[in-house]
Amino acid sequence: MRKFGLTLFILLTTLTFVNAQKRTLDKIAGVVGSGIILQSDVESQYAQYLVAGNPPTPTIKGYILQQLLTQKLLAQQAVIDSVTVKDDEVDAEVDRRMRSMTMRAGGEERLEQFIGKSIIQYKDEIRPDIKEMKVAEKMRQKITEKVNVTPYDIKKYFDGIPKDSLPTYNKEVEIGEISISPALTVAEKKIFKDKLEAIRARIKGGEDFGNMARLYSQDQGSAPDGGDLGFADRSTFVKEFAAMAFKLKAGEISPIFETDFGFHFLQVIERRGEQVHVRHILIRPDQTQASLNRAKARIDSVYTLLLGNKKIDFSSAAAIYSDSKDTKFNGGMMLNMDNVQARTTYIPTDKLDPQVALVVDTMKVGELSKPGLFTAADGKKTYKILYLKSKTDAHKANLAQDLPKIKELAYEDKLNRSVSEWFEKKRKSTYIKIDPEYQAYPQLKMWAAGNPTAQVK
């Protein structure tokens, strides 16, 4: 409670300061071309930085102003290049931010008290800035859309790294899994569905939806907010949830329906075009011992099949029998979740689930583990067979072993150089002015360098 109270204090004091500043003396912190950045804009973002739980660090204001200058420059070029964003994208980002602020403030009423205006007014106020941010992001993507790396680029990048600065890679493994999750029977599921039906009946009978969600919903993310999920489009939800949310009218409460997360019912609060504002209550069915026994029998039969039938390999067995949606369509192979974009199957051993690491540590390359019971972070249990495809000891980076990693580093380097070159060119041809109060920040000095019409004054 002390930490939460401190967050509220920071939120109150920083937002009060920003609002007071807007009501009294505001000033121009920076100018980029035809765009201006007010000091209150910098202070407002600094307030959000503090509310996010970061420690008070006044020097971060230099980075904030640099980010705003960058955003203005990109947004102005976007107008020239006819780069735009859809209103739905902007609305989704506004709603995401408001949900986060509302959660930290302890509800909409407390947030409105702190910001000194209604949620609707505040959303209208921040929407132009968020739209500009989204446009700038899209413009940056356009600048780099044709960047790629050739084998020559990769070798040149690698050869340019001083030998004593080559990265060291930890021990890595490639691991496959066949995962069998306990499945409940219709009769076993009915117990939990009936529990949720009783909650729904109480709400239909007049009890408050929000209070019931806080008391009984097992969605830890939305339960403290009374089950409120804010505005979102169809792509935000799983298909069963989206189908129900977009079928109902405002105020209607859905029947109970099932998704991979469990049993839900929801209420539509408001609909805006292709976005809907809903709240829901979730009950997650508990695994029974009988369901665990059935899963154990299934995994044992798959293990026996793999050992006795040389005509079926691990990859095929995973595609046919595994319940893991994350790995079954990838030959059963786990991905390095710290590097999702690269979709690499090489995982540092220190990043493995400790349960998996314990089993793999004693395995040889090409070996299958015996079926074992694993427990996820949410308490759900799953039986798994593991397959150790490869093992690489800790070593200094080299092209023979680490080509995918070196390629990614080379790409990032070329991407950053491409963006830097674009900014350098634009800075030299764009009028830029920075208020003396911010001139001490070293990251801002480069913005006026080399441009006689853009001197810091």
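Colleague: Over the face of which residue does K405 lie?
Modeller: A charge sits over a ring if NZ of Lys or CZ of Arg is within 6 Å of the ring centre and within 35 degrees of the ring normal. K405 is 5.4 Å from the ring centre of its partner. The residue whose face lies under K405 is Y346.

Colleague: Good start! What kind of model is this, and what pLDDT do local features need?
Modeller: Residues are numbered from 1 along each chain as its sequence is written, and side-chain values use heavy atoms, with hydrogens and water left out. The model is predicted: totals for chains, interfaces and linings use all residues, side-chain atom pairs count only at pLDDT 80 or more, and local features need pLDDT of at least 70.

Colleague: And at what distance from the ring centre of F246 does R234 lie?
Modeller: Here the charge belongs to an arginine, R234, and the ring to F246. R234 lies over the face of that ring, and its distance from the ring centre is 4.2 Å.

Colleague: Let's step back. How many helices and strands does the protein have, and what share of its residues is buried?
Modeller: Helices (H or I, at least four residues) and strands (E, at least two) are DSSP runs numbered from the N terminus, and here there are 15 helices and 13 strands. The C-alpha atoms fill a box of roughly 80 × 70 × 45 Å along the principal axes. Buried means under 20% relative accessible area, exposed over 50% and partly exposed in between, with a 1.4 Å probe and protein chains only. Of the 457 residues, the buried share is 43%.

Colleague: I'm looking at strand 8, residues 275-283. How many of its nine residues are buried?
Modeller: Strands pair if DSSP finds at least two bridges between them. Strand 8 runs antiparallel to strand 5 (residues 228-232) over three bridges, and antiparallel to strand 7 (residues 262-272) over nine. Strand 8 is also mostly covered, and its buried residues number eight.

Colleague: Which residues of strand 8 stand opposite D228 and L266?
Modeller: From strand 5, D228 faces R279. On the other pairing, L266 has its bridge partner in strand 8 too. So the two residues, taking D228 before L266, are R279 and H280.

Colleague: What is the phi of G273?
Modeller: Strand 7 and strand 8 form a hairpin with two residues between them. G273 sits in that turn, and its phi is positive, at about 55°.

Colleague: Now the largest pocket: what is its volume?
Modeller: On a 1 Å grid over the protein atoms alone, a pocket is an open set of points where a 1.4 Å probe fits, with protein on both sides within 12 Å along at least five of seven lines; lining residues have an atom within 4 Å of a point. Points are joined across faces, edges and corners, and the volume is the space filled by probe spheres set on them. For the largest pocket it is about 1,600 Å³.

Colleague: How many residues of its lining are charged?
Modeller: The lining has 42 residues, with S181, D323, S324, K380 and T382 nearest the centre. Elements giving two or more residues include strand 4 (172-180), strand 10 (372-375) and strand 11 (381-392). Ala, Val, Leu, Ile, Met, Phe, Trp, Tyr, Cys and Pro count as nonpolar, Asp, Glu, Lys and Arg as charged, and the others, Gly among them, as polar. The split is 14 nonpolar, eleven polar and, for the charged group, 17.

Colleague: Which residue in strand 11 stands opposite I178?
Modeller: Strand 11 pairs in the antiparallel sense with strand 4 over nine bridges and with strand 10 over four. On the strand 10 side, L373 stands opposite Y383. The partner of I178 is I385.

Colleague: One last item: what angle lies between the ring planes of W422 and F423?
Modeller: Rings of Phe, Tyr and Trp (its six-membered ring) pair if their centres lie within 6.5 Å; planes under 30 degrees apart count as stacked, over 60 as edge-to-face and the rest as tilted. The whole structure holds seven aromatic pairs. W422 and F423 are both buried. Their pair is edge-to-face, 5.1 Å centre to centre, and the angle between the planes is 90°.
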